[in-house]
Amino acid sequence: MLYDLVVIGAGPGGIALAAEASACGFSGGRAVVLEKAASHNWAIRQFYPEQKLTAANYKGFAAQCEGLLCISDMTKAETLEYFDRIIETYDLRIDYDTEVFRATRVAHASGGRFEIETSRGRYEARVLAVAIGILGRPNKPADYSLPASLRDRLLFDITSARLEDETVLVVGGGDTAAEYVEHLQKERNRVTLSYRQADFKRLSDRNRERLLGMEERGEVEILRNSNIASVENDSGRPLAKFVESGRTPRVFDRIVYALGGSTPINFLRMLGIAFDEDGPVFDASGETSVPGLFVLGDLVVGKRGGSIITAFNSAVRVMRRICDGYLPCVGGRHGGLGPGAQPVGKTA
């Protein structure tokens with residue numbers, strides 16, 4: 001399905017942009033938010049203590065709201081409830097459990113479009129906005145070190161490099177690992193999955209069914225009860241040695257670790273965005289070097305980090321640019337702050 005706007009990430013920035021878009025007339029399925037977690041604001045749920053206040057002026061940022069959404073100091077529970085209300089009030093569509101693997105801008109007779117490959121299939125969009133957070137790092141193996149000489153061969157997601165027609169070992173047993181296996185197999189790779197347990201107890205029903213179906217058809221290999229003892233450099237390719245004496249060491253073109261964590265920089269580079277020494281290059285509206293591709297939220301405030309309100313405000317600037325240069329909006333411009341519009345605050 002072709003959407004006018006696809007937003008990646010259901011945190012404060014992504015939800016704010018979707019709300020601003022709704023106020024500009026992007027209803028009836030014109031916009032969708034893709035979130036790889038099972039619920040919105042996963043970083044707040046995961047990293048914030050229960051009694052921690054979500055401060056409006058976090059790190060000294062001015063708590064002045066420019067658009068529809070605004071908050072005051074709240075508890076973690078109040079913050080999550082606030083976003084629940086926003087999603088309901090603006091009738092936002094959020095596709096959860098949808099991890100984005102790749103996004104590419106392609107030429108089209110009616111203008112450029114983005115083809116977005118996800119764990120739930122392909123989406124197409126006229127405009128793409130990335131609102132992923134910067135918290136979290138990829139989890140590395142705890143029992144052995146990784147050779148620095150194999151840096152380009154050992155990956156922690158599948159956005160770091162395009163893998164086609166390669167021999168790939170995926171390490172992990174969760175939904176991310178299963179979705180990596182499925183995607184890599186579709187890209188004509190020869191895929192092996194290494195999992196340290198006998199049964200996949202953490203998989204969703206959908207991923208379990210697809211993974212075991214691929215194994216039954218001989219499309220992928222699954223090494224159950226397998227533990228890697230070490231990874232060594234074998235003429236520029238990773239050699240995996242296993243703890244179990246009955247498993248023969250094997251050489252792969254790549255090893256992909258699906259052990260948790262995130263690498264947003266890899267994802268942004270995959271999109272083709274220009275970088276400088278400070279990170280991704282973008283203008284005052286958040287538009288990158290790729291026309292129609294925007295970044296917002298934590299991605300536009302630098303290493304110091306931002307607040308929920310700075311994420312809200314970055315969404316306003318993105319929406320103004322979208323309305324001015326890409327898509328028809330209410331009144332022909334950004335409609336979120338039009339006559340009679342009122343910011344939605346804590347008690348809305």
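**Exercise 1. Place Asp 253 and describe its surroundings.**

Asp 253 sits in the loop between β15 (250–251) and β16 (254–257). Strands (E, at least two residues) and helices (H or I, at least four) are DSSP runs, numbered from the N terminus. The model is predicted: local features need pLDDT of at least 70, side-chain atom pairs count only at pLDDT 80 or more, and totals for chains, interfaces and linings use all residues. Residues are numbered from 1 along each chain as its sequence is written, and side-chain values use heavy atoms, without hydrogens and water.

Step 1. Is Asp 253 buried or exposed? Asp 253 is buried, because its relative accessible area is 14%. Buried means under 20%, exposed over 50%, partly exposed in between (1.4 Å probe, protein chains only).

Step 2. List the neighbours. Leaving out residues up to four places away in sequence, Asp 253 touches Arg 153, Glu 166, Thr 167, Arg 190, Arg 237 and Pro 238. Contact means heavy atoms within 4.5 Å.

Step 3. Look at Thr 167. Its backbone nitrogen lies 2.8 Å from a polar atom of the Asp 253 side chain.

**Exercise 2. Analyse the packing of α4 and α5.**

Step 1. Take the geometry. Helix α4 (residues 175–186) packs against helix α5 (residues 205–216) at about 45°, with axes 10 Å apart. Axes are lines fitted to C-alpha atoms, for helices over the stretch in contact; angles run from 0 to 180 degrees between N-to-C directions.

Step 2. Classify the angle. α4 is therefore oblique to α5. Under 35 degrees is roughly parallel, over 145 roughly antiparallel, 65 to 115 roughly perpendicular, and the rest oblique.

Step 3. Assign the hand. The crossing of α4 and α5 is left-handed. That term applies if the near helix is turned anticlockwise from the far one by less than a right angle; clockwise is right-handed.

Step 4. Name the residues. From α4 come Asp 175, Ala 178, Glu 179, Val 181, Glu 182 and Gln 185; they meet Arg 206, Asn 207, Arg 210, Leu 211 and Met 214 of α5. The contact divides into 4 nonpolar, 2 polar and 5 charged residues. Ala, Val, Leu, Ile, Met, Phe, Trp, Tyr, Cys and Pro count as nonpolar, Asp, Glu, Lys and Arg as charged, and the others, Gly among them, as polar.

**Exercise 3. Repeat for α1 and α7.**

Step 1. Helix α1 (residues 12–23) and helix α7 (residues 308–325) pack at about 40°, axes 8 Å apart. So α1 is oblique to α7.

Step 2. The crossing is right-handed.

Step 3. The contact holds 11 nonpolar, 1 polar and 1 charged residues.

Methods
A polar contact is a pair of N or O atoms within 3.5 Å; within protein, one must be able to donate a hydrogen and the other to accept it, and residues adjacent in sequence count only if both atoms are side-chain atoms.
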